[in-house]
Amino acid sequence: MTRVPATMSAVLLRAYDGKPESVEVAEVPVPQPGPGEVLVRLAAAPVNPSDLMFMQGLYGFKKGLPTILGFEGSGTVVAAGRGILPRLLLGRRVACAAADPNARGGTWAEYLATRATLCIPLHKDVDLDRGATLLVNPLTAWGLMEQARRGRHRAVVQTAAASALGRMVVRLGRKFSIATINVVRRAEQVETLKALGAEHVLDSSEPGFDDRLRELCHATGATIGFDAVAGETSGRILRAQPERSRLLVYGALSQEPVQIDPFSLIFERKHVEGFLLTLWLRRKNLLSQLRTAGRVQRLLDTDLTTEIRAKFPLRQARTALAEYANHMSAGKVLFVP
C-alpha cells in the first residue's frame, strides 16, 4: 500500500488575468478520491496552449478560484474510490486528465483526484514523459484525422501546421494517404515542415496567400479543414475550400471570435463546427476508447511523437510558463513533480 501524505505542492491560479503574479506554488491538502475516482501520484504534466488560455479566462469554462492548474499528465494510481473501474486501475501507470469544469484539481501538482474514465492505462513500453502528453495532442490529431477518413476526404487544410499537433497531422496524412495543405505564419516554419516531408506549405504572411490557398484547396479536394487559430483565419480557410466543405475549429490561438463570410454558408453550403476532444471521446464506449488509445500509443515513437524540450520542477512554475509562451512551437515544456 502506497503511503499518501496529507499535503502536497501544487501550482495555483489566483486570478483569471494572465499575469505571472497570479500564479503561485503552495502547499495544499492532498485530495481524496470519491466514488468513481482515482488518486494519481503525478510524474509529469505538460504546458499546452489551452492552459495559457484558461489562465486568462479565455477557455470554454472557469473553475472556482484558487484552482490548481494543468489539464493533462501522467502518473501512477495510488488510491481508488468506490467502483469497479477505479479498483481495476489501482497500481497502474496512466495518462490522466483534469480538463473538466467540475474537476476538483489540476495536473500541475504532486497528486490528482480525477474520474477513472478520464484515465488511460499506459502500455509498458510508453514512459511517463510521453504518457503525459498523450491526451491533448496525439488523441486530438487522431480524432481530427478520423473525421477526414470517415468522410472519405482526399485532402485536409490545416492552420498552425508547425505546432506539435500540426506536425502529427502531416505524418498521419502520409500514413493514410490524405494530402495536407499546411498553413503557417513564418518563413522558417515553411522549411521546418518541408524537412518533415510536407508537400504543400503556405506562409499566410506572403503576398497572394489567399489565391494560392484557394488554388491548392480546389486542386487537391481539401473539403475538410482543421483550424487552431480562429479569428479572421477561419473565414480565409473556409473561403478557399471547395463547395460543401467542413471546417473543424479546435483552438483559438488568435483569442478572437471566428469570422465567417455568410455567403460561404448560404450559397456554397459549407459548414463550421467545433471539435473538443473530450466530447469526441465521450461518444465512444469504453471499449472503443481503450482501442483508440492503444492505437495512438503504438504511434508515439513515430507519427504521433512529441518533442520534449525542457523539464521544470513545480517551484519554477513562472519560469516554465514564460519559457513555453515564448517558444510554443519549439517543443513541450513539462512539469516534473
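**A surface patch, a sheet and a pocket**

Val258 is partly exposed, with a relative accessible area of 37%, where partly exposed lies between buried (under 20%) and exposed (over 50%), for a 1.4 Å probe and protein chains only. The model is predicted, so that local features need pLDDT of at least 70 and side-chain atom pairs count only at pLDDT 80 or more, while totals for chains, interfaces and linings use all residues. Residues are numbered from 1 along each chain as its sequence is written, and side-chain values use heavy atoms, with hydrogens and water left out.

Val258 is found in the loop between strand S13 (246-249) and H9, helices (H or I, at least four residues) and strands (E, at least two) being DSSP runs numbered from the N terminus. Together with Phe263, Leu265, Ile266, Phe267 and Val272, Val258 makes a nonpolar surface patch of about 570 Å². Such a patch joins nonpolar side chains (Val, Leu, Ile, Met, Phe, Trp, Tyr) within 5 Å, from residues with over 30% relative accessible area and no salt bridge, that is, no side-chain nitrogen of Lys or Arg within 4 Å of a carboxyl oxygen of Asp or Glu; areas come from the Shrake-Rupley method with a 1.4 Å probe. Helix H9 (residues 262-266) gives the largest share of the patch, three residues.

An open sheet of three strands follows the order S2-S1-S4 with antiparallel pairing, where pairing requires at least two DSSP bridges between two strands. Its edge strands, S2 (23-29) and S4 (67-68), each pair on one side only. Strand S1 (residues 7-13) is joined to S4 by two bridges, and Leu12 has Ile68 as its bridge partner in S4.

Key
Patches are made of residues with over 30% relative accessible area and no salt bridge: like charges are joined within 9 Å, nonpolar side chains (Val, Leu, Ile, Met, Phe, Trp, Tyr) within 5 Å.
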